[in-house]
Amino acid sequence: MASGLPENVRKSCEMLLGTTIEASFHVGDGDINEARRLETSGGRFFLKMNAAPQAHEMFAAEAKGLALLAKSHTLRIPKVIGHSEPGDNNRGFLILEFIEAGHRRADFWSRFGEGLAALHRIRNKYFGLEYHNFIGSLSQFNKQHNNWITFYIEERLLPQIQLAETQNQFSTKDHENFDLLFKKLPQILPDEPPALIHGDLWSGNFLSDEQGAPVLIDPAVCFASREMDIAMSKLFGGFDREFYQVYQAAYPLLPGWEERIDLYQLYYLLVHVNLFGGGYIQSVRQVVRRYL
Ligand code: ADP
């Protein structure tokens with residue numbers, strides 16, 4: 001294990017890269033996967049590995065999501081080099097272009113705001129996507145719908161509520177309240193065209209590259225209300241003010257968007273209940289009560 005990688009992963013990666021891996025170093029692990037910097041005679045690469053059975057599928061979906069974002073030519077996205085395939089007899093992995101970290105340049109946030117607005121201007125006929133993907137390690141369902149509210153309930157909120165249900169996280173009263181909330185959604189949510197969104201836009205999912213420019217990583221893409229990205233960006237304290245100012249100038253949000261932030265954060269809070277446990281249940285209840 002000269003590379004420090006499991007032998008079968010090293011072999012598969014070298015096949016994909018067409019070069020020998022000389023060394024590998026741990027880099028700040030994400031929430032879910034083991035991350036490495038690969039040193040090869042052909043340069044540096046980024047590798048994520050995961051031994052979970054669904055990891056091949058996860059990385060294949062992540063690769064497709066990154067490619068879809070890259071096609072928009074809006075914000076920088078690491079190039080996908082390759083990934084493990086379902087049925088491979090080893091752990092799942094994804095190889096990406098390695099992004100060298102640099103100090104954020106003075107216009108980092110304004111470029112980011114402008115780039116996200118440009119991404120959100122990419123439209124689609126339907127909400128959803130042609131394939132299901134993942135948010136963290138959880139399945140994210142993207143069956144296509146014409147109607148945003150139906151999509152948000154059936155593809156976003158309900159699957160997470162049902163998953164939490166398998167661990168008895170919610171009471172009968174909670175379920176009654178969810179149903180009441182679903183009935184109210186048509187009064188609260190405006191009609192918006194399906195926009196290409198990153199889908200998991202928190203501060204752990206962007207980098208600053210060697211030029212100090214923003215780079216998006218780890219997406220959970222789909223065509224959805226763009227307010228989902230804005231809501232996620234604000235879940236843990238929010239991004240810089242300049243980001244929102246520039247975004248708003250480039251592509252103003254519909255009036256009343258502030259009032260809908262909690263409602264869109266509800267999806268991400270439910271994901272947190274399922275990934276990290278019960279501590280987030282009170283936050284879920286607070287949001288639901290707010291809208292009843
Ligand atoms: P996870 O899916 O486990 O959350 P991430 O994709 O967020 O993993 O990656 C984990 C960490 O690795 C990130 O926080 C970041 O510091 C680093 N990283 C991710 N992608 C790259 C890349 N292409 N180049 C360099 N570093 C990266």
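Colleague: Before we start, a polar contact here is a pair of N or O atoms within 3.5 Å. With that in hand, which ligand atom does a backbone N or O atom of Glu97 lie 2.9 Å from?

Modeller: Keep in mind that this is a predicted model. The cut-off for a polar contact is 3.5 Å. A backbone N or O atom of Glu97 sits 2.9 Å from its partner on the ligand, and that partner is a nitrogen atom.

Colleague: How far is a nitrogen atom of the ligand from a polar backbone atom of Ile99?

Modeller: Ile99 is listed among the closest of the 15 residues that surround the ligand. Its polar backbone atom and a ligand nitrogen atom are separated by 2.8 Å.

Colleague: And which residue puts a polar side-chain atom 2.9 Å from an oxygen atom of the ligand?

Modeller: The closest residues include Gly28, Lys48 and Asp218. The side chain with a polar atom 2.9 Å from a ligand oxygen belongs to Asn33.

Colleague: How much of the ligand's accessible area does the protein cover?

Modeller: The ligand sits in the largest pocket. On its own it has 550 Å² of accessible area, and the protein's cover comes to 86%.

Colleague: Where does the ligand lie relative to the domains?

Modeller: The chain splits into domain 1 (7-97) and domain 2 (108-291). Their contact takes 19 residues from domain 1 and 29 residues from domain 2. Both domains give residues to the shell around the ligand, so the ligand lies between domain 1 and domain 2.

Note on methods: Residues numbered from 1 in each chain as written. Predicted model: local features only at pLDDT ≥ 70, side-chain atom pairs only at ≥ 80, totals over all residues. Heavy atoms only, no water. Near = heavy atom within 4 Å. Polar contact = N/O pair within 3.5 Å; in protein donor to acceptor, adjacent residues only side chain to side chain. Areas by Shrake-Rupley, 256 points an atom, 1.4 Å probe, with all protein chains shown as cover. 1 Å grid on protein atoms, 1.4 Å probe; cavity = no way out; pocket = protein on both sides within 12 Å on 5 of 7 lines; lining within 4 Å. Sits in = over half its atoms within 2 Å of the grid points. Domains from an automatic or database assignment. Contact = heavy atoms within 4.5 Å.
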